[in-house]
Amino acid sequence: VQTRIIDGNPIARTVRQGLRQRVEALRALGCVPGLAVVLVGENPVSRIYVRNKIKACAEIGVYSPQVDLPANATEADLLGRIRGLNADPAIHGILVQLPLPGGISGQRVVESIAPHKDVDGFHPCNLGLLAIGQPRFVPCTPAGVMKILEHEEIPVIGKHAVVVGRSNIVGKPMALLLLQSGATVTICHSKTLDLTEQTRRADLLVVAVGKANLVDKEAVKPGAVVIDVGINRLSDGSLAGDVNKHSVLGIASRLTPVPGGVGPMTIAMLLANTVLAAERSLSEQRVATRT
Ligand code: GUN
């Protein structure tokens, strides 16, 4: 077969265009959506991610103050800043860029974010709501994958989906979303005995591990749809996914490239969650004041 490469950029652009109109509608009602982006320390990769998120906000008219804390900030410092943002009516979404420096519990920090402002969807409340099929904020990367499947009209109902990776921010929510959409779902991870045996059964294979060349043609059923969520920096400085692209070309029916596949969708879905948070805050306000 000829493998179709799925370009995430035009899909992300379409999402952002729809959001820009919703931001304009909110502004007409006197509400400017606000996303606080919190960065602790100097992690260079985190700094790039934060810069890209803030730039994407500016492009659709979302107010996005960057909250910088020094590398030696304590957990109490960070919790104090989040408390302030939780109480700030100009802020509808709060994102704390991960990973955090040593000594700060990422879990306690995530749990301190008001669930209705948790646009990353990492708070146990939001992951729990997703688990019971009542999602409020869906984590951005798995939400981006679902948007790609929808846009490409890739059927999910009744398909065997295999998710490789069980992180709380990608693998687990990804599996829950596919399950909710009617797939039969297998979750594989580092303790899976025979990974290839499992992945070969997938109609839809989602790989989110962070290990270059983890998946090659032996691991892919002919005609399968392969979604590569991995981002790996190779020794020559280039980027690669978890899937050996050249190996699976001609085997997979479709493949998301790295870079340019799932990546562009992640920020688009962060913007979507932020706009949703602002829309919800406005409608709550209207209920409260009966206008
Ligand atoms: N670090 C890696 N991915 C993410 C993400 O989706 N959100 C945040 N806040 N940090 C991350």
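**View 1. The largest cavity holds about 40 Å³ of space.** This is a predicted model, and a search of the whole structure turns up one cavity of 30 Å³ or more. Which residues line the largest cavity? Its walls come from Val-96, Leu-98, Val-110, Ile-113, Asp-118, Asp-120 and Phe-122. Sorted by class, that lining has five nonpolar residues, no polar ones and two charged ones. If you wonder how such a space is found, rolling a probe the size of a water molecule over the atoms shows where empty space is left.

**View 2. Seven names to look for around the ligand are Lys-53, Leu-95, Val-96, Gln-97, Leu-98, Asp-120 and Phe-122.** By class, this shell is made up of four nonpolar residues, one polar residue and two charged residues. Some names may be familiar from the previous view: Val-96, Leu-98, Asp-120 and Phe-122 surround the ligand and also line the largest cavity.

**View 3. Nitrogen atoms of the ligand meet Asp-120, Val-96 and Gln-97.** Let's take these contacts residue by residue. How far is a backbone N or O atom of Val-96 from a nitrogen atom of the ligand? The distance is 2.8 Å, and on the protein side it starts from the backbone of Val-96. With Gln-97, the side chain takes part: one of its N or O atoms is 3.4 Å from a nitrogen atom of the ligand. Asp-120 also uses its side chain, placing a polar atom 2.6 Å from a ligand nitrogen. Taken alone, the ligand would expose 280 Å², and the protein buries 78% of that area.

**View 4. Cys-57 and Cys-188 are both buried cysteines.** The structure holds zero disulfides. Why does Cys-57 not form such a bond? The closest cysteine sulfur to that of Cys-57 belongs to Cys-140 and is 11 Å away, which is too far for a bond. A disulfide would need the two sulfur atoms within 2.5 Å. Is Cys-57 buried or exposed? Cys-57 counts as buried because its relative accessibility is 0%. Cys-188, at 1% relative accessibility, counts as buried too.

Key: Residues are numbered from 1 along each chain as its sequence is written. This is a predicted model: local features need pLDDT of at least 70, side-chain atom pairs count only at pLDDT 80 or more; totals for chains, interfaces and linings use all residues. Side-chain values use heavy atoms; hydrogens and water are left out. A residue is near a molecule or strand if one of its heavy atoms lies within 4 Å of it. A polar contact is a pair of N or O atoms within 3.5 Å; within protein, one must be able to donate a hydrogen and the other to accept it, and residues adjacent in sequence count only if both atoms are side-chain atoms. Accessible areas come from the Shrake-Rupley method with a 1.4 Å probe; for residues, only the protein chains shown count as cover. Ala, Val, Leu, Ile, Met, Phe, Trp, Tyr, Cys and Pro count as nonpolar, Asp, Glu, Lys and Arg as charged, and the others, Gly among them, as polar. On a 1 Å grid over the protein atoms alone, a cavity is a set of points where a 1.4 Å probe fits but cannot get out, and a pocket is an open set with protein on both sides within 12 Å along at least five of seven lines; lining residues have an atom within 4 Å of a point. Grid points are joined across faces, edges and corners, and a volume is the space filled by probe spheres set on the points. Buried means under 20% relative accessible area, exposed over 50%, partly exposed in between (1.4 Å probe, protein chains only).
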